[in-house]
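Me: Please look at the model below. I have some questions about how its helices pack.

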Amino acid sequence: MKIADNLLAIKKTIPENVTLVAVSKTKPNTDILEAYEAGQRIFGENRALELKQKAEDLPKDIEWHFIGHPQSKQVKYFAPFVSLIHGIDSLKLLGVIDKEGQKNQRILKCLLEFHIAEESSKFGLSQNEAEEILANPEFHLLKHVQICGVMGMATYTDDKIQIKREFKILRNIFETLKQNYFADKPYFNTVSMGMSGDYQLAIEEGSTLVRIGSSIFGTR
Ligand SMILES: *Cc1c(COP(=O)(O)O)cnc(C)c1O
């Protein structure tokens, strides 16, 4: 019952208004079921086909989050059931997701991913790039996507001050976008930040959703 114990210990450290996504990527269904039986209902995966297969095999009341960077042609694998897509970093990808939403007659909830870490990465928007998307008339034609907030990853470091500074930047981006583009949109309410190593710092800086894998399921 190691996974259940880990899960319950972590839940004790998370305030009630912060959502816990249990990141189950690469882990077998037996592990996911152990967390499920301990009460967890929200799981995160970062490979489209793995997510599709697990959703087929596991209980239907699981809420699945896609936390990676989907390739355009793979969005179709999870569009029928996914409850939140975290890693959006282009208008082009939003267009693809919108089409899949339309096909499935559902509105797909998405988070804009921001590059807040010092490390260079090909993923993640700057605040300016996000504002360009949100101000683009083409974005406003998309009726089957809903931008519900922001997501980001801090630098992998022991320097807590740096990690907190990066999370603070993401929280500030969220506040600015909310004020300028989503002031009358209560669904824009999610700040997805914090993983096994840094989720407590993320919560201190205003995270509303943490994505925790290895501290629950063990190392990958
Ligand atoms: C794997 C992953 C996590 C979980 O990381 P842990 O350090 O195992 O908690 C969180 N977010 C994203 C985007 C991931 O890919």
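Me: Which hand does the crossing of α6 and α8 have?
Reply: This is a predicted model, in which local features need pLDDT of at least 70, side-chain atom pairs count only at pLDDT 80 or more, and totals for chains, interfaces and linings use all residues. Residues are numbered from 1 along each chain as its sequence is written, and side-chain values use heavy atoms, with hydrogens and water left out. A crossing is left-handed if the near helix is turned anticlockwise from the far one by less than a right angle, and right-handed if clockwise. For α6 and α8 the crossing is right-handed.

Me: Which residues of α8 make the contact with α6?
Reply: Contact means heavy atoms within 4.5 Å. From α6, the contact is made by Q127, E131, L134 and A135. From α8, the residues are I173, T176, L177, N180 and Y181.

Me: Is α6 roughly parallel or roughly antiparallel to α8?
Reply: The axes, lines fitted to C-alpha atoms over the stretch in contact, give angles from 0 to 180 degrees between N-to-C directions. Those of α6 (residues 127–135) and α8 come within 12 Å and cross at roughly 25 degrees. Angles under 35 degrees count as roughly parallel, over 145 as roughly antiparallel, 65 to 115 as roughly perpendicular and the rest as oblique. Therefore α6 is, relative to α8, roughly parallel.

Me: How is α1 placed relative to α2?
Reply: Helix α1 (residues 2–12) and helix α2 (residues 29–37) have axes 8 Å apart, at an angle of about 45 degrees. So α1 is, relative to α2, oblique.

Key: Helices (H or I, at least four residues) and strands (E, at least two) are DSSP runs, numbered from the N terminus.
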